[in-house]
Amino acid sequence: MTDDVSTKELHLHLDPVGGIAGDMFCAAILDAFPEHLDGLRRTVSALGPPDGWSVDVEQCLQPICGRRFLVHLPIKPDLRHRTWGDIRNLLERADIGAGVRARAGTIFGRLAEAEADVHGSTPEEVLFHELGDWDSIIDIVAASYLIDQLHLVSASCGSLPLGGGTVQSLHGALPVPAPATLRLLRGFVWHDDGVDGERVTPTGAAIAASLVSSDRVGGELCAHGVGFGTRTLGAIPNCLRVMCFEAKPLQPLAEHLIELAFEVDDQTPEDLAQALERIRALDGVLDLHTLPVVGKAGRLSHGIRALLLPERLHNVAATCFRETATIGLRWHGVDRLALTRRALEIDVQGRQMEVKVVCRPDGDTAKVEARSLQGIEGLAERQHLRHVGQEIALSRKGSDE
C-alpha cells in the first residue's frame, strides 16, 4: 500500500470511519508503512516496559483488509496511578529520539491539561489512571515514533463519530464521549451515525489533537492504511483509515481584474465617504481605497482606486458617475495572486465576532474584523478578545467552510 515516500513531504488525513484510538492509529500507520515495525519495537523497548511485553501486528479482514495493533503485557499489569511528572521523567530517561520524546510529551501534556480541566486539578497534580497504564504509554510512544518517521508537514481529520452511552473508568461510569475527549477535541467536527459506545478514546483524541493542523486535503495519494479496533460495530467497520498525500505548495488564486481610478476635488469628505460606501458595496467590487493627491494649482484632491471584476466594469462606472462629482474615469487590466480565505462568525465569551481566516503556505492565520470590536472599552480587553477570537477561529478545522 506504500509508495517510496522517504523523500516526500507528506500530508496525513485521518478518516475515522469507526472512530480513533491509540491502537487503531498505530495499526493504520503500520498498514501503510509496515517497514517501521522493527524501529517501533526498539523504541518501546527503550522505555523499559515489564518483562514479558510484546507488540504485534496482525492482518484483519472486517470486511476490508487492514491490520490490528496488539500490545501484550504480563497477566498482572502495572496499575500504578502515574502523574504527568512520572510520565515526563520516564520519557526523559528513555533512550528514544528527540522527536519521539517531544511528540509523546506533547500528547501526554494535552492529556494532563484535559484531565486537570475535567477534574478541577492542575496538570502536575492530576493522576493518569487508565492512561498511565503501560498499554496506553506504549500506544502513545509508538504513535509518536510513527509520526516522527513520516516527517509530516500537515495533517487533517474527517468528521468524528459521536458514539453514546457510558464507559467504565476508575472514576466510575462516564458519559460518551468522555469529558477529557471532548476537552481535547474542541473545534473538531462530529456526527452521529447511530452506533453507541466509545468511538473516540482519550488517547486517540490526544493523538489527533496534537497532530491535526489543517483542513485542506488533497494532492497525490502515495500511501494509505486501515487500522482496526477490537470492537465490532455491526454494519460499520470499526476502523480508522489514514491517507498520505504528497504535500504540494499552496497555490494562490491567479485572477485577471480591472483597476478603476478617478479623482474628486469638489465634494465634501462627508458626502464622498457615503458615496464610496455605496460603491464599495456593489457586486463585483473587491477592494476600494482613497489616497490624498495634489491637483492643478496645488489643490488637494481625493484619489480613488477600485479593484473589480471585469464583467462589472460598466455598472460600477455608472455608479461612480452617479454618486461622485468626478467627470472622468480611467481603468486598466491587472493580474493578481490571492490567497484562499474564508469568513467565520464565532461566539467569543457571549459576543458574536467576525473573523477572516487566510490559508497561507506555512499555516492558516486569522484576524478579527475591527467592526466586531466596536463598543468594547479598553485596549487590553480588545486585545484579549482579538486573541481569543483568533485562537477559536484557527481551531475550527474547516467546520464552517
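**Exercises on H5 and Thr201**

H5 is mostly covered, with 14 of its 17 residues buried. Keep in mind that this is a predicted model.

**Exercise 1.** Work out how the span of H5 compares with the expected one.

*Solution.* Start with the count: H5 has 17 residues. Next, go from its first C-alpha to its last, which gives 24 Å. That's close to the 24 Å expected at 1.5 Å a residue. Step just past the end of H5 and you hit His151, which takes a positive phi of about 55°.

**Exercise 2.** Describe how H4 packs against H5, then sort the residues of their contact.

*Solution.* First, the geometry: H4 (residues 98-119) and H5 (residues 134-150) pack at about 130°, and their axes are 8 Å apart. Angles over 145 degrees would count as roughly antiparallel and 65 to 115 as roughly perpendicular, so H4 is oblique to H5. For handedness, H4 passes H5 in a right-handed crossing.

Now list who meets whom. H4 brings Gly99, Val100, Arg103, Ala104, Ile107, Phe108 and Leu111, and these meet Ile137, Ile140, Val141, Ser144, Tyr145, Ile147 and Asp148 in H5. Sorting the residues of this contact gives 10 nonpolar, two polar and two charged.

**Exercise 3.** Place Thr201 and decide: buried or exposed?

*Solution.* Find the element first: Thr201 sits in the loop between strand S10 (190-191) and helix H7 (202-211). Its relative accessible area is 18%. The cut-off for buried is under 20%, so Thr201 is buried. Finally, skip neighbours within four places in sequence, and the contacts of Thr201 are Ile20, Ala21, Gly22 and Thr181.

Key:
Residues are numbered from 1 along each chain as its sequence is written. This is a predicted model: local features need pLDDT of at least 70, side-chain atom pairs count only at pLDDT 80 or more; totals for chains, interfaces and linings use all residues. Side-chain values use heavy atoms; hydrogens and water are left out. Axes are lines fitted to C-alpha atoms, for helices over the stretch in contact, and angles run from 0 to 180 degrees between N-to-C directions. Helices (H or I, at least four residues) and strands (E, at least two) are DSSP runs, numbered from the N terminus. Angles under 35 degrees count as roughly parallel, over 145 as roughly antiparallel, 65 to 115 as roughly perpendicular and the rest as oblique. A crossing is left-handed if the near helix is turned anticlockwise from the far one by less than a right angle, and right-handed if clockwise. Contact means heavy atoms within 4.5 Å. Ala, Val, Leu, Ile, Met, Phe, Trp, Tyr, Cys and Pro count as nonpolar, Asp, Glu, Lys and Arg as charged, and the others, Gly among them, as polar. The expected span of a helix is 1.5 Å times one less than its number of residues. Buried means under 20% relative accessible area, exposed over 50%, partly exposed in between (1.4 Å probe, protein chains only).
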